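The following report describes selected structural features of one protein chain. It proceeds from charged contacts to aromatic contacts, the nonpolar interior and local backbone geometry.

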Amino acid sequence: MRGLVSATLAVGMTTAMAAPTPAVPTAAAASVYSQPPKEILDVMRASPPPSPSLSPTRDKLMLVTMQDYPSIAKVATPFLRLAGVRIEPGNRSQHDTPGGYGIPPCVSAIDLVQVADGKQTAVKLPADACPRRPVWSADGQRFAFENITNEAVELWIGDAKTGAVRRLPGVRLNQMFGDQMQWMPDQKTLLVKQVSARTGPPVAPPGSDGPGIQESLGEKGQSSTYENRDTLRNRHDEELFNYYGTSQLALVDAATGKITPVGKPGLYEELSVAPDGRHVVVTEIRPPYSYVTTFDRFPKQIDLWDLAQRPAKDANPIVRQIAALPLADRVPNRGVPTGPRNFTWRPTDAATLVWAEALDGGDPKVQAAERDKLMLLKAPFTGTPVEITRTEQRYAGLSWSEQPGVAMLSDYDVNRKWRRTWQLNVDDAKNSRRLIWDMSVDEKYSNPGSPVHRRLANGYSVIRVDGDSIFLSGAGSSPDGDRPFLDKFDLKTQKGERLFRSGKTSYEQFIGFAGKDTSRLLTWYQSAEETPNAFVRTLGAATTAETGEPGYASTSVALTRLTDPVPQVREIKKRLVKYKRADGLELSFTLYTPPGYKEGTRLPTILNAYPLDYADASKAGQTTGSQATFTRLRQYRLLLLSGYAIIDSAAFPIVGDPRKAYDTYTEQLVANAKAAVDEAVRLGVTDPNRVGVTGHSHGALMTANLLAHSDLFRAGAATSGSYNKSLTPFGFQNERRSVWEAPDVYTKASTFFYADKLKTPLLIVHGADDANPGTTPLQSTKLYEAIRGNGGVTRLVMLPHEPHWYAARESNEQLVYEMLRWFDKYVKNAPATAVSADASAK
């Protein structure tokens, strides 16, 4: 782990190296961090709104409030890097999420609300607790959650009636591979992964770990950008992987706490329990391991267990081996491993297993009439698996309905970014299916939404069916922004009936049905000025006068009455702005103006965006998001409190054939930015001589490239970016070609190779423990060195202990301090210049 000396030096870096800073004791760690002004700190430290979770029986609503920021002391907890997992050895908890999004946040409060009358009960959490999100039992009587302590990951049970919670003694969960806790179909028992009772971890004397050896014997195969995350390095790492990954499976009685071990300890990854509560698909990781890929590509044995068996000691209750999968260290980019994958149980059968297998070697570049097949195997699992159907494109999921045999089958064309969905009867020997949806995955306006599910008594989620119809809930994207909806969709006629749609001045989402019938809806309502709250809506006859639109009507009653923790933020105004790029492509952004803003006043402005790839130009211009959501301020948005305007979520499409869209990447970046800035200037809000730009990850590369290739901005702030794409030679984002196939594309997209032309001030921020292979901390260090060496103006801030997204309160306060300081100096208070919004690109 990096010490505070290096952390302090990194914060102090500018174009001239800072003088060495004395070491600071750990207890005084917070003193080395800087903070933004009090008015910003007050907003950052306010409690966030809760999120709702409806019980499966739809009679209780759980409000879960998450902690916004853990302390740097928690983020700095030592951890091991073991084949894609960051594990804290002291308690076996995952230190980071698989995507590098930081330490999973603690729950700070849980409240239970009766849907019938709104009565609210606060759950009394233990002192200094760090619970994870609770998981309902299917009968709605209990909920379970993990509690993270310094010594263990505990298992707690809550009573849905009283809100009382209690720890189940003797249970220490192992979070290393996930699936560490799940309700069994009886809803009285939990299947858990227990920390295996063993001696202490393996200790390697200095120099005894031996060399790390890798070998390639001429077989061609790519290692994608996102595989190499904290991979194993040597034999000692393998020993640690075995030690910390080993779990003992056990059944835990939620009422009595009785623990019943199942099988012998092993490196168990995925666990999938059949509806009968007896059979379990168990995926066990096996050696040999790879030093190139993460654990999800290691060899695996997939077995079917029978929990009713009582095997001999040190044996597993195996009924049948489903597959023995070899090391998958050469899976093609955007491909899949060969062999059985994506296991699912049929919810309405006691024990019927379904899985997919590739027919094209898992390679999307291979020409094939059919890419996947679906296989089915029924209890008692002694027969030969039966092929159900095949998909022309890559299998994308099977969503079961509550009607036996009826499911929704999807496939996905990675080259066209296209998805199709059929209604399929699994029991039909003729393999008949009916196409329901056939559209681009980027389609927003005509997106039908997702089927509404309900939980069966066995805990399985199935599509809710009403006669020949299902219910669909979606974001409701439109030219005016997102307006969530609920439809009733007739599968036979393929026609929908709109039951509910959010108004234009608010943002209201369907949570679920408020009770047994479908005439009362539970929604989550908010507006730019109104705190999110739960409402009960009763559907009625359509009244165009009420809704302004034909086809639906309802009355609503507030179920909760949550208050605004930061009323000063309500003075901020926002609006959806639509405009066109020079080539006619329709775009949009959300424009925020600070408290007390007077129309016509030109302000210093910060643009934030994240480029997205589109195969179809008609889809790239579709508006998403809503100006009617409850305004929350994080990171760069907090600069609104210091008098900046924000051009937020600006559409930055990269349009073209996915196989070569990045041929015009920088040109499209500049065109997107110029269109957005021009429009904000035209509205009279933005001062064209005082515009900055910021972005995270792929948005950070966008930020650096805009400074290198245009004269639109006075300064930029790039966070956790990747600036030299030759370091990810087998692809990045949706670029499928390797650097050897398209060297000019990689060079042109890499700001590093244009550092000599980058004279606009650039603030570079990075998490020092970023595990995302495409955005290693080296990327920022080398860009800083390149700009500095070429005489540019830059500042590098390495945030100690932080992953790809920054977690700690101190780190986030430092980030806002740095952004405010940088943009105040180089944008808000910048000297006059001839730069204007219609400046031409370099």
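A search of the whole structure, which is a predicted model, finds 48 salt bridges. Three of them are listed below.

| Salt bridge | N to O distance | Separation in sequence |
|---|---|---|
| Glu-402 and Arg-454 | 2.7 Å | 52 residues |
| Asp-466 and Lys-488 | 3.1 Å | 22 residues |
| Asp-663 and Arg-737 | 2.7 Å | 74 residues |

In the bridge between the side chains of Glu-402 and Arg-454, the N to O distance is 2.7 Å. Glu-402 belongs to the loop between β24 (394-400) and β25 (406-413), while Arg-454 is part of strand β29 (residues 453-455), so the pair ties together parts of the chain that are 52 residues apart in sequence. Arg-454 has a relative accessibility of 27% and therefore counts as partly exposed.

The side chains of Asp-466 and Lys-488 also meet in a salt bridge. This pair links distant parts of the chain, with Asp-466 in strand β31 (residues 465-466) and Lys-488 in strand β33 (residues 485-490). Asp-466 is partly exposed, with a relative accessible area of 32%; Lys-488 is likewise partly exposed, with a value of 24%.

The salt bridge of Arg-737 with Asp-663 has its closest N and O atoms 2.7 Å apart. Here Arg-737 is in the loop between β46 and α9, and Asp-663 is in the loop between β44 and α7. The relative accessible area of Asp-663 is 34%, which places this residue in the partly exposed class. Elsewhere, salt bridges that share partners join Arg-81, Arg-86, Asp-96, Asp-230 and Asp-769 into one network.

**Aromatic contacts**

The count of aromatic pairs comes to 23. One of these pairs is formed by Tyr-662 and Phe-732, which are arranged edge-to-face at 5.2 Å centre to centre with 75° between the planes. The two residues are 70 residues apart: Tyr-662 is in the loop between β44 (653-655) and α7, and Phe-732 is in the loop between β46 and α9. Both Tyr-662 and Phe-732 are buried. The loops that hold this aromatic pair are also those that hold the salt bridge partners Asp-663 and Arg-737.

Phe-177, Phe-241, Tyr-289, Phe-295 and Phe-298 form one aromatic cluster. Arginine side chains also meet rings: the charged end of Arg-433 sits over the ring of Trp-422, 4.5 Å from its centre, and that of Arg-570 sits over the ring of Phe-630, 3.8 Å from its centre.

**Nonpolar cores and helix α8**

In soluble globular proteins, nonpolar side chains tend to be buried together. The largest nonpolar core in this model has 62 residues, of which Phe-589, Leu-607, Phe-652, Leu-706, Phe-713 and Leu-762 touch the most other members. Helix α7 (residues 665-682) gives the most to this core, with nine residues. The contacts of Phe-713, leaving aside residues up to four places away in sequence, are Leu-607, Ala-673, Val-677, Val-691, Gly-692, Val-693, Leu-706, Leu-707 and Thr-760. A second, separate core of 33 residues includes Val-43, Tyr-644, Val-765 and Val-797.

How many of the residues of helix α8 are buried? The number is 12 of 12, so α8 is largely enclosed by the rest of the structure. Among the buried residues of α8 are His-698, Asn-705, Leu-706 and His-709. Their cover includes β41 (603-609), α7, β45 (686-696), β46 (715-719), α9 (743-749) and β47 (762-767). At 1.5 Å a residue, the 12 residues of α8 (residues 698-709) should span 16 Å, and the end C-alpha atoms are indeed 16 Å apart.

**Backbone geometry**

The peptide bond from Pro-287 to Pro-288 is cis, with omega near 5°; Pro-288 lies in the loop between β17 (279-285) and β18 (300-306). Another cis peptide bond joins Ala-379 and Pro-380, with omega about 15°, and Pro-380 is found in the loop between β22 (372-378) and β23 (386-391).

Ala-83 is not a glycine, yet has a positive phi of about 60°. This alanine is in the loop between β3 (80-82) and β4 (85-88) and, at 0% relative accessibility, counts as buried. Asp-128 also has a positive phi, near 60°, and is located in the loop between β7 (120-122) and β8 (135-136). With 80% relative accessibility, Asp-128 counts as exposed.

How values were computed. Residues are numbered from 1 along each chain as its sequence is written. Side-chain values use heavy atoms; hydrogens and water are left out. A nonpolar core is a set of buried Ala, Val, Leu, Ile, Met, Phe, Trp, Tyr and Cys residues joined through side-chain atoms within 4.5 Å. Buried means under 20% relative accessible area, exposed over 50%, partly exposed in between (1.4 Å probe, protein chains only). Helices (H or I, at least four residues) and strands (E, at least two) are DSSP runs, numbered from the N terminus. Contact means heavy atoms within 4.5 Å. The expected span of a helix is 1.5 Å times one less than its number of residues. Rings of Phe, Tyr and Trp (its six-membered ring) pair if their centres lie within 6.5 Å; planes under 30 degrees apart count as stacked, over 60 as edge-to-face and the rest as tilted. A charge sits over a ring if NZ of Lys or CZ of Arg is within 6 Å of the ring centre and within 35 degrees of the ring normal. A salt bridge is a side-chain nitrogen of Lys or Arg within 4 Å of a carboxyl oxygen of Asp or Glu.
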